[in-house]
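Morning, everyone. I have one model to walk through, and I'll keep it brisk. Have a look at it first.

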Amino acid sequence: MIDWISTHATSLIESYGIFGIFIGMLLESACIPIPSEVIMLFGGFYIQQGSFTYFEVVSAGVIGNLVGSMLIYWIGATGGRALLMKYGKYVWIKPEHVNKAEAWFSRYGEWAAFFGRNMPLIRTFISLPAGIARMKFSRFVLFTFLGCLPWNMLLTYLGFKLGENWQQVEPYIRPVSYVMLAAIMIFIGRHIYKLTFKASRS
């Protein structure tokens, strides 16, 4: 199934170019488990071929993520969770995926919309609990945008550097997600500590 999805993900780019990257990343953020690793790595490969620029590929990926995320946010905010849980199986959405994303949002609050974008599976579903919780929309958009940048930029760069060998790195991408998450959480922790330390001394 994963190979079939990956094949169709690359076909999107082969058929529609930059717009295919946009569509693929939109679907990935709209709870359709299309691997962003495949889309953005393959987009990076096309940069090496001279078909696209780095800015075009990253922009298409980030904008696609934003549009898909806003769509799922709206579904969550308007009570569409039950519908998604009932019929999601037809587009490979499992209840445990949604439940896991909701648990992340409950644990980390609004920051989940930011660093959840760099987690396997979580990034695909994190917008739903944000909508259910009625997270302030402007903050949701900002956190989602900032969270999309590092993942899309890294994948595109790797695809560009690897060229025709881009598929070789795909199995190793998931551990990178956890490294990025750890780095982000350390940064957030240090920032919170500094704010708390300054407040205690004032």
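Start at Ser 11. Ser 11 sits in helix α1, residues 2-16. Buried or exposed, or something in between? Ser 11 is partly exposed, because its relative accessible area is 29%, and the buried class ends at 20%. Now look across to Ile 39. Along the sequence, Ser 11 and Ile 39 are 28 residues apart. In space, their C-alpha atoms lie 9.6 Å from each other. One caution before going on: this is a predicted model.

Now the whole protein. How many helices, and how many strands? The count is 11 helices and zero strands. Read from the N terminus, every element in the run is α. The protein has 202 residues, and 48% of them are buried. Next, the contacts. Take those with a sequence separation of 6 or more: 77% of them join residues 24 or more positions apart. On the outside, the protein exposes about 10,600 Å². Carbon and sulfur atoms supply 65% of that area.

On to helix packing. Two packed helices are described by the angle between their axes and the distance between the axes. I have two pairs to show, and α4 is in both.

First pair: α3 and α4. Helix α3 covers residues 36-48, and helix α4 covers residues 54-77. Their packing angle is about 160°, and their axes are 9 Å apart. So α3 is roughly antiparallel to α4, because the angle is over 145 degrees. The crossing of α3 and α4 is right-handed. Which residues make the contact? From α3, they are Met 40, Gly 43, Gly 44 and Ile 47. From α4, they are Tyr 54, Val 57, Val 58 and Gly 61. By class, this contact of α3 with α4 has five nonpolar residues, three polar and no charged ones.

Second pair: α2 and α4. Helix α2 spans residues 18-29. Here the angle is about 35°, with the axes 7 Å apart. The crossing of α2 and α4 is right-handed. On the α2 side, the contact uses Ile 18, Ile 21, Phe 22, Met 25, Leu 26, Glu 28 and Ser 29. On the α4 side, the partners include Glu 56, Val 57, Ala 60, Gly 61, Gly 64, Gly 68 and Ile 72. The residues in this contact of α2 with α4 divide into 10 nonpolar, six polar and two charged. Note that Val 57 and Gly 61 of α4 appear in the contact with α3, and again in the contact with α2.

Last stop: helix α10, residues 137-162. Two residues here. Phe 143 is in this helix, and so is Thr 144.

Phe 143 first. Phe 143 counts as buried because its relative accessible area, 9%, is under 20%. What does Phe 143 touch, leaving out residues up to four places away in sequence? Its contacts are Glu 110, Trp 111, Ala 113, Phe 114 and Met 135. Take Ala 113. Ala 113 is 30 residues from Phe 143 along the chain, yet their C-alpha atoms are 5.9 Å apart.

Now Thr 144. Thr 144 is buried too, at 1% relative accessibility. With the same sequence neighbours left out, Thr 144 touches Leu 66, Ser 69, Ala 113 and Arg 117. So Ala 113 is touched by Phe 143 and by Thr 144.

That's my tour. Over to you.

Technical notes. Residues are numbered from 1 along each chain as its sequence is written. This is a predicted model: local features need pLDDT of at least 70, side-chain atom pairs count only at pLDDT 80 or more; totals for chains, interfaces and linings use all residues. Side-chain values use heavy atoms; hydrogens and water are left out. Axes are lines fitted to C-alpha atoms, for helices over the stretch in contact, and angles run from 0 to 180 degrees between N-to-C directions. Helices (H or I, at least four residues) and strands (E, at least two) are DSSP runs, numbered from the N terminus. Angles under 35 degrees count as roughly parallel, over 145 as roughly antiparallel, 65 to 115 as roughly perpendicular and the rest as oblique. A crossing is left-handed if the near helix is turned anticlockwise from the far one by less than a right angle, and right-handed if clockwise. Contact means heavy atoms within 4.5 Å. Ala, Val, Leu, Ile, Met, Phe, Trp, Tyr, Cys and Pro count as nonpolar, Asp, Glu, Lys and Arg as charged, and the others, Gly among them, as polar. Buried means under 20% relative accessible area, exposed over 50%, partly exposed in between (1.4 Å probe, protein chains only). Accessible areas come from the Shrake-Rupley method with a 1.4 Å probe; for residues, only the protein chains shown count as cover.
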